[in-house]
Amino acid sequence: MSLLDVLKFKGSFVTQILRDQHKNTVELCEKFLDKKLNNDEFLKHLDFLLNTHFKIEEDILYPPFLPILQKYLPYMEPFKMVIAEHRGVANLLNKYNNFHEEHDYLSDIANLLLQHVYKEENGIFNQIDILMPEEIKIQVYDKIKKFIEK
């Protein structure tokens, strides 16, 4: 069974672009772990995640939502966890770039990303879709589109 069979990847207009990217990430991670995607193709996707997807989440989507969520979850653990996972991907990639003969860091990254997407799809993104006011969603969506188009 695939994680693609478990997750819906459907949300409001403000999260849908990122949910589509999540679906692509799951597809590529599962292909990579099944040895149906080569290292270069996987590394290209990791570059996209680090330089585009994670930046959109951290710099555009999450900041206006944090004060809203803080009313319900004052310790902000879900956000701390996913940001730590973003850093974990970057750290594992750095280890791969320096020590890839010693360990299969890319498989570690693929597994981390599968868990990460699961958490965002089932937690944070659903909360954003439900709790974020419509006017903020519109502003965030516009910023995401501009970031992607540049």
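In this predicted model, Phe 32 has a relative accessibility of just 6%, so it counts as buried, the cut-off being under 20%. What does its ring do in there? A search of the whole structure turns up four aromatic pairs. In one of them, the rings of Phe 32 and Phe 42 sit with their centres 4.4 Å apart and their planes at 15°, so this pair is stacked. Phe 32 belongs to helix α1 (residues 13-33) and Phe 42 to helix α2 (residues 39-70), so the pair ties together parts that are ten residues apart in sequence. Phe 42 is buried too, with a relative accessible area of 0%.

Another aromatic pair is made by Phe 65 and Phe 79, and this one is tilted: the centres are 6.1 Å apart, with 50° between the planes. Here Phe 65 comes from helix α2 and Phe 79 from helix α3, so the pair links parts that are 14 residues apart in sequence. Both of these residues are buried. Tyr 62 joins in as well, and together with Phe 65 and Phe 79 it makes up one aromatic cluster.

On to the nonpolar cores. In soluble globular proteins, nonpolar side chains tend to be buried together. The largest nonpolar core in this model has 24 residues. Phe 42, already met in the stacked pair, is among those with the most contacts inside this core, along with Leu 46, Val 89, Leu 106, Ile 109 and Leu 113. Which helices supply the core? Helices α1, α2, α3 and α4 each put in at least two residues, and α4 gives the most, with eight. Leu 46 shows what this looks like for a single residue: leaving aside its neighbours within four places in sequence, Leu 46 is in contact with Val 89, Leu 93, Leu 106, Ile 109 and Leu 113. There is also a second, separate core, which has 20 residues and includes Leu 18, Leu 61, Met 76 and Ile 144.

Helix α4 itself deserves a look. It covers residues 105-131, which makes 27 residues, and it reaches 37 Å from its first C-alpha to its last, close to the 39 Å expected at 1.5 Å a residue. Still, α4 has a kink of about 40°, centred on Glu 120.

Not every buried residue here is nonpolar. Glu 85 sits in helix α3 (residues 77-99) and has a relative accessible area of 7%, so it counts as buried. What does the side chain of Glu 85 meet? It is joined to the side chain of Lys 119 by a polar contact of 2.2 Å. Setting aside neighbours within four places in sequence, the contacts of Glu 85 are Leu 112, His 116 and Lys 119.

Ser 2, in the segment before α1, is a similar story. With a relative accessible area of 17%, Ser 2 is under the 20% cut-off and therefore counts as buried. Its side chain reaches the backbone nitrogen of Leu 4 at 2.9 Å, and also makes a polar contact of 2.5 Å with the side chain of Glu 30.

Next come two residues with a backbone twist. Most residues other than glycine have a negative phi. Phe 9 has a positive phi of about 60°, although it is not a glycine. Lys 35 is another non-glycine residue with a positive phi, near 65°. Are these two buried or exposed? Phe 9, found in the segment before α1, is buried, with a relative accessible area of 4%. Lys 35, on the other hand, is placed in the loop between α1 and α2 and is exposed, with a relative accessible area of 67%.

Finally, Lys 145 lies in helix α5 (residues 134-149). Its relative accessible area is 32%, so it falls in the partly exposed class. Lys 145 and Tyr 75 are 70 residues apart along the chain, and their C-alpha atoms are separated by 30 Å.

Key. Residues numbered from 1 in each chain as written. Predicted model: local features only at pLDDT ≥ 70, side-chain atom pairs only at ≥ 80, totals over all residues. Heavy atoms only, no water. Helix = DSSP H or I, 4+ residues; strand = E, 2+ residues; numbered from the N terminus. Buried < 20%, exposed > 50% of the residue type's maximum accessible area, 1.4 Å probe, protein only. Polar contact = N/O pair within 3.5 Å; in protein donor to acceptor, adjacent residues only side chain to side chain. Contact = heavy atoms within 4.5 Å. Phe/Tyr/Trp six-rings, centres within 6.5 Å; stacked < 30°, edge-to-face > 60°. Expected span 1.5 Å × (residues − 1). Bend = angle between axes of the 7 residues up to and from the residue. Core = buried A, V, L, I, M, F, W, Y, C linked by side-chain atoms within 4.5 Å.
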